[in-house]
Amino acid sequence: MSHGPSASAGAIIRSGHHDDAPYEPVFVGEAKVRLDELVKRYPRKVGALLPALWMVQEARGWVSEAGMAEVAAQLDVTPAYVKGVVTFYTMYNQHPVGKYLIQVCTTTPCHVCGAEDVVRAFLDQTGCGELGVTSEDGRYTVIEVECLGACGFATPVMVNSDFLESVSADRVADVLGRYR
Ligand code: FES
């Protein structure tokens with residue numbers, strides 16, 4: 001996924017998932033080798049913080065407190081420092097999300113071109129019902145984000161790392177057909 005949306009995506013996501021399973025470390029085996037390679041590129045270990053967090057999110061779909069603690073231990077910083085970074089960047093999910101995280105731009109230019117209808121169509125057709133709620137089948141979470149930088153192609157939508165332009169409400173079923 002990418003990651004430029006400026007809405008507080010992580011802050012509004014709610015889900016029926018729970019974070020009560022024992023934490024399985026991400027940085028073992030090949031992932032640990034990758035992290036060690038990354039760390040070598042920076043003068044200080046903490047330089048690898050953003051990609052390390054990204055690795056956690058790729059592995060788990062979101063960055064839990066335990067994930068932050070693991071990153072902190074790997075990079076010799078405090079969990080509080082890591083949390084400060086995670087909560088600053090909206091590209092990090094602070095709560096579990098569905099298999100497909102659908103981000104719809106609803107900033108003014110897209111809003112006037114019908115972005116709210118696009119959001120409504122996604123909410124209805126995914127079964128999410130509400131923004132930030134993961135569908136019962138665990139597949140989808142829909143959130144609104146601010147300008148995705150494609151204002152001339154309203155309404156832009158991101159599905160995980162895929163960037164889709166000119167999505168209208170009547171194209172939503174077609175889009176969802178690609179993400180089952
Ligand atoms: S306002 Fe929607 S992409 Fe810029």
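**Bridges, helices and a surface patch**

Biologist: Let's jump straight in: what relative accessibility does D137 have?

Modeller: D137 counts as partly exposed. That label sits between buried (under 20% relative accessible area) and exposed (over 50%), using a 1.4 Å probe and protein chains only. For D137, the relative accessibility is 44%.

Biologist: Which side chain does D137 meet in a salt bridge?

Modeller: Quick warning: this is a predicted model, with local features needing pLDDT of at least 70 and side-chain atom pairs counting only at pLDDT 80 or more, while totals for chains, interfaces and linings use all residues. Residues are numbered from 1 along each chain as its sequence is written, and side-chain values use heavy atoms, with hydrogens and water left out. A salt bridge here is a side-chain nitrogen of Lys or Arg within 4 Å of a carboxyl oxygen of Asp or Glu. At 3.4 Å, N to O, D137's partner is R139.

Biologist: How many salt bridges does a search of the whole structure find?

Modeller: You've met one, D137 with R139, and another joins D124 to R120 at 3.1 Å, N to O. The search covers the whole structure, and its count is eight.

Biologist: Why are D124 and R120 separated by about one helical turn?

Modeller: They both sit in α7, residues 115-126. Helices (H or I, at least four residues) and strands (E, at least two) are DSSP runs, numbered from the N terminus. The pair is about one turn apart because their spacing in the helix is four residues.

Biologist: How many residues apart are K45 and D76?

Modeller: Their side chains form a salt bridge too, at 3.2 Å, N to O. This pair links distant parts of the chain: K45 is in the loop between α2 (29-39) and α3 (49-60), while D76 is in the loop between α4 (65-75) and α5 (79-88). Along the chain, their separation is 31 residues.

Biologist: Which of those two is exposed, K45 or D76?

Modeller: K45 has 36% relative accessibility, so it counts as partly exposed. At 57%, the exposed one is D76.

Biologist: Which residues of α5 are buried?

Modeller: Start with the other side of α5, where A80 and F88 are exposed. The buried ones are V82, V85 and V86.

Biologist: How wide an arc do they cover around the axis?

Modeller: The arc is that of the directions from the helix axis to the C-beta atoms. The buried residues are on the same side of α5, because their arc is only 100°.

Biologist: What do the buried residues of α4 pack against?

Modeller: The buried residues of α4 are G67, M68, E70, V71, A72, Q74 and L75. What covers the buried residues of α5 includes α3 and α4. Contact means heavy atoms within 4.5 Å. For α4, the packing partners are α2, α3 and α5.

Biologist: Which residues make the nonpolar surface patch of about 300 Å²?

Modeller: Patches take residues with over 30% relative accessible area and no salt bridge, joining like charges within 9 Å and nonpolar side chains (Val, Leu, Ile, Met, Phe, Trp, Tyr) within 5 Å. Areas come from the Shrake-Rupley method with a 1.4 Å probe; for residues, only the protein chains shown count as cover. One member lies in helix α5 and counts as exposed at 61% relative accessibility: that's F88. The full trio is L50, F88 and Y89.
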